[in-house]
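Me: I am new to this structure and should be grateful for a close look at a single part of it, the second largest pocket. Please describe what forms its lining, and then set it beside the other features of the chain.

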Amino acid sequence: MANTLLPVHAQDITDTAVVSFKNHCVLARYVDRQYDKLWGQAGAKRGTTINLRYPPQYELRRGNRASPQASVETYFPVTLGEPIGVDMDFTSQELLLTVDDFMNRFVKKGTLPVANGVDSDIAALYKKVPNFSGVPGTVPTSIETYLEATTILARNGAPVEGDEWAMVIDYKSNQKIINALIAQQNPQGAISRQWESARMVSAMGYKWSQDQNIKIHTVGDWTGLTVLANAATAQTGSSIVCDGATAATLKEGDIVTFANTRSIKPNTVPLNGSGESTGELKQFVVTADTDAVGAAITIPISPSIVTTGAYQNVTQGVADNSAVLLFGHANSYSALTSRQNLAFNKGAFVLGMVDLPLPGGMDMSARTTDEDAKVSMRFLRGFDITENTFISRLDLLHVAACPRPEFCVRVVG
């Protein structure tokens, strides 16, 4: 029987693109996907916003006498951005290739930038995360660095139930930790899988993956300076005034701590009292690039410092002359670059993806939505009468956000 060339249809293209996307997107596998339908599968447009609810927090009563507290829910707005995609031209001859040849040569290659784009957007959310373990500029070689991330997650109240913790690291970090663990005694099955794949697998409560899209962060610069808080009374809120910062710079995503401002164990605040200290300094992320003005610098931080009530998160505000540490040291890590590996519970990040409309008048059009993976991709081909060419595009509309940054730890190195 002679070989028959079957024509490539638009639906073939989107079906293959969705499968390829799922195979190549790493971070998207581990984040919260329950909110996709809140945007609505029909008519969602750039700029459409939904508000994710945070559960209320309460103070602890002791004794018989009731003291009702207001149930206040807070909200986190998440807004759809621009579509991402790739644009291609196919000749009539190329569309007459066998389906397998066409998919391997064109569609799968075209999907790779889209998958990397989504992964990259999630990885870039490290700048929202105020927690870190490790040493900037030094790739971790000890499993203790990764275990410290677990400790920080637990200290911040990240849920431990279920199979919802992920550790996504770059390939250099994977190389170092696999090499460091070769001689250690571990379960034979896990070691076999790591040996065969040269990759970390499930270990220490995490699903491990490697991702080329993990970001590199350059720390701000206050080389040789001693930066101190500067206010007559203890400071709270989302900005801290400091001095001793002549010519200093901070970068969005830097992490700072303040002497004696320690974190509170979640949900331990009694009525009209103070929550239990973890004994560890509270970590804060710098929310915008900031330069000193003269010797003064006002550091914008997240989370906001709260010292009373159900949302108390520190033992005390930032006292005058409190030392400010940058990634745990006064100035040792100024201007260093480091990888921003991510250890997180799935609730730290959300990824939303919605169906794009199929306009009329196209030469070819199709959309594939995978309900299980919550992935939707669209393919369009139209004819440009001016240029006498067919123009094709593969599109995806998504949003990535970090509503619970306390449920993530950056393993730096």
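Reply: In this predicted model, helix α3 supplies five residues to the lining of the second largest pocket, the largest share of any element. The pocket itself has a volume of about 330 Å³. Its lining is made up of 19 residues, and those closest to its centre are Phe132, Glu148, Gln283, Phe327 and Gly328. Besides α3, the elements that give two or more residues to this lining are β4 (132–134) and β13 (277–281). Sorted by class, the lining of the second largest pocket holds eight nonpolar, eight polar and three charged residues.

The largest pocket encloses about 1,100 Å³ of space. Forty residues line the largest pocket, with Gln57, Lys282, Pro303, Arg404 and Glu406 nearest its centre. Helix α3 (143–155) appears here as well, since β2, α3, β12 (262–264) and β16 (297–305) are the elements that give two or more residues to the lining of the largest pocket. The largest share, three residues, comes from β16. The lining of the largest pocket comprises 19 nonpolar, 13 polar and eight charged residues.

Strand β2 (residues 74–79), in turn, pairs with β1 in the antiparallel sense over six bridges. Within this pairing, Thr49 stands opposite Thr79 of β2. The side chains of β1 alternate: Ile50, Leu52 and Tyr54 are buried on one face, whereas Thr49, Asn51 and Arg53 point to the other and are not buried.

As for the setting, the chain contains five helices and 23 strands, and 44% of its 413 residues count as buried.

How values were computed
Residues numbered from 1 in each chain as written. Predicted model: local features only at pLDDT ≥ 70, side-chain atom pairs only at ≥ 80, totals over all residues. Heavy atoms only, no water. Helix = DSSP H or I, 4+ residues; strand = E, 2+ residues; numbered from the N terminus. Buried < 20%, exposed > 50% of the residue type's maximum accessible area, 1.4 Å probe, protein only. Pairing = 2+ DSSP bridges. 1 Å grid on protein atoms, 1.4 Å probe; cavity = no way out; pocket = protein on both sides within 12 Å on 5 of 7 lines; lining within 4 Å. Points joined across faces, edges and corners; volume = space filled by probe spheres on them. Nonpolar A, V, L, I, M, F, W, Y, C, P; charged D, E, K, R; others polar.
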